[in-house]
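I opened this structure to find out how its strands are arranged and what fills its core. I kept my notes in the order in which I looked things up.

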Amino acid sequence: MKDLDYYTNLNWTLIEGTDKDFEGNLYYFVEIKEIPSFLFCAKTPEKARSGYKEQLKWTLQVMLEMGDEITEPGSNDDESDWENLCP
């Protein structure tokens with residue numbers, strides 16, 4: 001059975017970027033491609049890279065408790081064919 005330790009240690013696809021808050025202050029974020037609802041923000045790129053892991057652990061814990069499907073990295077590399085999905 002796959003548990004929290006298993007999922008926490010997968011090689012997740014990170015999407016890193018910057019944006020501005022409502023006051024125009026720059027912040028850094030980390031998203032995870034396989035978990036579309038996941039987003040972690042911080043004031044520096046270093047804090048974003050180091051801090052997302054704890055939030056990821058909490059997110060995965062809730063997903064496991066709720067019985068949500070967890071898409072593993074590399075298991076869904078096919079991009080959606082939007083032309084056929086949306087006629």
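My entries below go from the sheet to the helix across it and then to the core.

Entry one, the sheet. I noted before anything else that this is a predicted model. I then looked up the strands and found that 3 of them form an open sheet in the order β1-β2-β3, with antiparallel pairing. The edge strands are β1, covering 14-20, and β3, since I saw that each of these pairs on one side only. I also looked up the twist, and neighbouring strands of this sheet are turned by 30° against each other on average, with direction ignored.

Entry two, one pair of strands. I looked at how β1 is joined to β2, and I found 7 bridges between these two antiparallel strands. As one example I followed G17, whose bridge partner in β2 is F29.

Entry three, the helix. I turned to α2 and saw that this helix lies across β1, β2 and β3, and that α2 runs at about 140° to β3.

Entry four, the core. I looked up the largest nonpolar core, which has 16 residues, and those with the most contacts inside it are W12, I32, I35, F38, Y52, L56 and L60. At least two residues of this core come from each of α1 (4-8), β2 (26-32), β3 (35-42) and α2 (45-66). Which element gives the most to this core? I found that it is α2, with 5 residues.

Entry five, a single residue. I chose I35 and, leaving aside its neighbours within four places in sequence, I found this residue in contact with W12, L56, T59, L60 and M63.

Notes:
Residues numbered from 1 in each chain as written. Predicted model: local features only at pLDDT ≥ 70, side-chain atom pairs only at ≥ 80, totals over all residues. Heavy atoms only, no water. Core = buried A, V, L, I, M, F, W, Y, C linked by side-chain atoms within 4.5 Å. Buried < 20%, exposed > 50% of the residue type's maximum accessible area, 1.4 Å probe, protein only. Helix = DSSP H or I, 4+ residues; strand = E, 2+ residues; numbered from the N terminus. Contact = heavy atoms within 4.5 Å. Pairing = 2+ DSSP bridges. Axes fitted to C-alpha atoms, helices over the stretch in contact; angles between N-to-C directions.
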